[in-house]
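The following explanation proceeds from the covalent cross-links of a protein to one of its sheets and then to its overall composition. Please keep the structure in view while reading.

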Amino acid sequence: MSGDDDPRPSDVEWLDTSPTSPTSPTSPTSPTAWRWRRWLTLLFAAVVLVAGMGVVNHQRGTTSAAPVSSPATTASVPDTGGSSPANPDGRLWPAAASGCGGQAYLPLVSSARRLAERTGLQVRLGPQLNTVDVDHARVSPQPGLRLAAGEFVSQMVPEGPGIVVLITTCDQGAPSRVVAVDAAGQARQVAAGHFDGLLAGGRRPWAFQFPADNNAAERLDPLDGSALLTLPADFGVVGAYQGLIIGYQAPTAGSEPNTSGPLVILDPVAGRVLATVGPSSAVATVSAGLILWTNGACRAGRRCVVHRYDLATGASSSRDYHLGLSTGAILGYGLISPDQRLLAFQLHRPAPDPRFDQGHPGTPTDIAVLHLDTGQLDTVPGIELWAKASPGLVFSPDSRWLVIGLDEGTRTSLLLWHPGLSHPASVVEVPGLTLDTTPITARLTS
């Protein structure tokens, strides 16, 4: 994404990210006034987190036992705390080949330990759609789903006890298909066409399509055989709840370039706005029945006011957080836990890792978790990610665990963590070429 393409407020420091390239195979190429709609939709196409530029004063807990690396060949390096000389050997960030001729910049995992607790979790993850029995570290292919040569699962979202998956290929112009997989593993195709992503959070998932013409309206496929819903031409989707869509209206005439209009709630059937939630500067996260938004960046040395809108009740509130940030941070584009107490997002470090040349002006990222009830800010210890990496993240249904899928090119590392744990728990490595962000869902089986 170039600076000219960035739909976000120009007065906020942003990391140039490509959040879910397999999920969003089409990208705008013509410089039109409506390009902000497409990029906003791309940012929220998957249940994954993508956050803006921000850093925290890191406080890492000490551990009593010696760390062990993640299984097999995870890029495991000692945590130097940034004290070593500035990359004297000119080493590049570790990387490996990945799917579609791409390259994966490997996660640096320095303190993972074997999972020592029972979780009752079953995790499904792409791009080959494997099922992981977490407690037994057992990996099995999804029964009943056949992928043709060159196909991969680019996105998956929950639907009751089952899932809905978007299946695409490396050919960005080729048709895609949507398949529903029930709890028993039975798969059935529910739609086919040129879909750009899945939208979860409603009564059931939608598939969305970008128009061939950037000035035209986006469309939602209800995936139940009914007619496509055409959204207003001035609307960019962010999230969903029940039968409603949350998104940004177009900027008003005379607005600054690369900005959006206000954050609103839309009835897609009636095609009308029901409520305005936030202003044009709002940076929002929508999940777990909540909208959280801030007025742009949370500035260093100042309070961070987070606004909350409960989609079930219509109640709204605001709260000040003092996060100890050393530069501005964006708390949007995150993931809210099912119990509405935690917000997970990516947080950038204050400085580059002195051991590696990233080939990018950004800084490495941590996975951060904000406790919305207390204001405590944690970072998952022992995981350092390349500046533009986008881990697959999902909370367990009971909100106890944050499930983490790390892209390692020819395999995906699956880890778990919860607040208070001094290290991430290593579950298993799932073989198979990866494709940037790992599509991931989790459910409790016991």
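**Disulfides, a sheet and the whole chain**

With bonded cysteines counted along the chain, the disulfides of this protein follow the pattern 1-2, 3-4. The model is a predicted one, and the count comes to two disulfides. A disulfide is a covalent bond between the sulfur atoms of two cysteines; in assigning one here, the criterion is a pair of cysteine sulfur atoms within 2.5 Å.

Cysteine 100 and cysteine 170 satisfy this criterion, with their sulfur atoms 1.8 Å apart. The disulfide is left-handed, because the torsion about the S-S bond of cysteine 100 and cysteine 170 is about -85 degrees. Cysteine 100 belongs to the loop between β1 (95-97) and β2 (103-105), while cysteine 170 is found in the loop between β9 (162-169) and β10 (176-181); the pair therefore ties together parts that are 70 residues apart in sequence. As for solvent exposure, cysteine 100 has a relative accessibility of 42% and so counts as partly exposed. Cysteine 170, at 44% relative accessibility, also counts as partly exposed.

The other cross-link to consider joins cysteine 298 to cysteine 304, with an S to S distance of 1.9 Å. Here both cysteine 298 and cysteine 304 are buried, that is, under 20% relative accessible area.

Attention may now turn to a sheet. Four strands form an open sheet in the order β20-β21-β22-β23, and their pairing is antiparallel. Which strands stand at the edges? They are β20 (282-287) and β23 (316-321), each of which has a single partner strand, so one side of each is left without a neighbour in the sheet. From one strand to the next, the twist averages 25 degrees.

Within this sheet, strand β21 (residues 290-295) pairs with strand β22 (residues 304-310) in the antiparallel sense, over four bridges. Leucine 292 stands opposite arginine 308 in β22.

Finally, the protein may be considered as a whole. Its secondary structure consists of one helix and 33 strands. Of the 446 residues in the protein, 57% are buried. Among contacts with a separation of 6 or more, residues 24 or more positions apart account for 57%. The accessible surface of the protein comes to about 17500 Å², and carbon and sulfur atoms contribute 51% of that surface.

Definitions and conventions: Residues numbered from 1 in each chain as written. Predicted model: local features only at pLDDT ≥ 70, side-chain atom pairs only at ≥ 80, totals over all residues. Heavy atoms only, no water. Helix = DSSP H or I, 4+ residues; strand = E, 2+ residues; numbered from the N terminus. Buried < 20%, exposed > 50% of the residue type's maximum accessible area, 1.4 Å probe, protein only. Pairing = 2+ DSSP bridges. Axes fitted to C-alpha atoms, helices over the stretch in contact; angles between N-to-C directions. Contact = heavy atoms within 4.5 Å. Areas by Shrake-Rupley, 256 points an atom, 1.4 Å probe, with all protein chains shown as cover.
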